[in-house]
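Please open the structure in a viewer and keep the selection tool at hand. The tour proceeds one selection at a time.

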Amino acid sequence: MRSKIRSLISIIRLAGLAVAALAMWGFATIAEEVLEKESYAFDTSILLALRKLHTPLGDQIMLGFTFLGEPNLLLVICLMLGIVLVARNHRSEATTIAFAGAGAIGLNLLLKKLFARARPQLWERVVDVKFYSFPSGHAMISMVIYGLLGYFLGERFPKQRWSIYSLTVVLIAAIGLSRLYLGVHWPTDVIAGYTAGLVWLITCIITLEIWKELRSLTTASKEEFLSPENSQE
């Protein structure tokens, strides 16, 4: 039974690595288009189409979703979740959420400085934003933090797992859409944020699972070594 579980975990890890590799390829492709300034027509057409959908109610809804993707809020979520996990003796998960959050924010800042892409200026915006545009920090960091939170909840409540995953995807997608609706990011910024975030999310999850399995094998080896049968020998 244990060997079957390990085989299944190995398959999941290989699938995760394949998805991560595909996401990395997607990010590299988008980055090349951005650097060569070949995405302007695509980006502009989508933003102008979204501009036609603006309403006062829509503005408020999108401001709410964009607030849920604020890096400062996500940092608070990481901190609170980490405290809860440590209190419940889930140190591996607590370390992972801290590592994931810090890594996502640091990587996003590095990429923004590297590409130094200006934000859209197609209309007067209702939100004030600074710093560079590519990739979207809201999209990237929400992908990592909410994605990891959804993963933890899915593990904790397996019967509701797919409902949790679905709601997580909807939330992350809504945050990215809000950035486009508000005109503070180009579509390629958001797509690149999702792809980079997905790579980091998968890396953190796979690292956590390997860590947990190694710890369980170590614990099992110690128990086997200390068992009465081995003591009698």
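Select P120 first. In this predicted model, P120 has a relative accessible area of 1% and is therefore buried, the limit for that class being under 20%. The residue belongs to the loop that joins α5 and α6. Display its surroundings next: beyond the neighbours within four places in sequence, P120 touches L47, R125, S133, G183, V184, H185 and W186. For one of these partners, V184, a distance may be drawn: its C-alpha atom lies 6.1 Å from that of P120, although 64 residues separate the two along the chain.

Remain in the loop between α5 and α6 and select A116, which is also located there. Its phi is near 50 degrees, a positive value, and the residue is not glycine. Is A116 buried, partly exposed or exposed? Its relative accessibility is 37%, so A116 counts as partly exposed.

Proceed to F131, another residue of the loop between α5 and α6. F131 likewise is not a glycine, yet its phi is positive, at about 70 degrees. With a relative accessible area of 41%, F131 is partly exposed.

The next selection is the pair F134 and P135. Inspect the peptide bond between them: it is cis, with omega near -10 degrees. P135 is placed in the loop between α5, which spans 91-115, and α6.

Now select residues 137-156, helix α6, together with residues 161-181, helix α7. Two packed helices are described by the angle between their axes and the distance between the axes. Here the axes come within 9 Å and cross at roughly 170 degrees. Angles over 145 degrees count as roughly antiparallel, and α6 is therefore roughly antiparallel to α7. To see the contact itself, show side chains on both helices. On α6 the participants are H138, S142, M143, Y146, G147, G150, Y151, L153, G154 and E155. On α7 they are R161, I164, Y165, T168, L171, I172, I175 and R179. Colouring these residues by class gives nine nonpolar, six polar and three charged.

Turn to helix α4, residues 71-87, and select L79 within it. Its relative accessibility is 56%, so L79 counts as exposed. Add A94 to the selection: the C-alpha atoms of L79 and A94 are 9.1 Å apart, with these positions 15 residues apart along the chain.

Two cysteines come next. C78 has a relative accessibility of 10% and so counts as buried. C204, at 3% relative accessibility, also counts as buried. How many disulfides does the structure hold? The number is zero.

Finally, clear the selection and view the whole protein. Nine helices and zero strands are present, giving the pattern α-α-α-α-α-α-α-α-α along the sequence. The protein has 233 residues, of which 42% count as buried. Among its contacts with a separation of 6 or more, 78% are between residues 24 or more positions apart. With a surface display switched on, the accessible area amounts to about 13,800 Å², and carbon and sulfur atoms account for 68% of that area.

Notes
Residues numbered from 1 in each chain as written. Predicted model: local features only at pLDDT ≥ 70, side-chain atom pairs only at ≥ 80, totals over all residues. Heavy atoms only, no water. Axes fitted to C-alpha atoms, helices over the stretch in contact; angles between N-to-C directions. Helix = DSSP H or I, 4+ residues; strand = E, 2+ residues; numbered from the N terminus. Parallel < 35°, antiparallel > 145°, perpendicular 65-115°, else oblique. Contact = heavy atoms within 4.5 Å. Nonpolar A, V, L, I, M, F, W, Y, C, P; charged D, E, K, R; others polar. Buried < 20%, exposed > 50% of the residue type's maximum accessible area, 1.4 Å probe, protein only. Areas by Shrake-Rupley, 256 points an atom, 1.4 Å probe, with all protein chains shown as cover. Disulfide = S-S within 2.5 Å.
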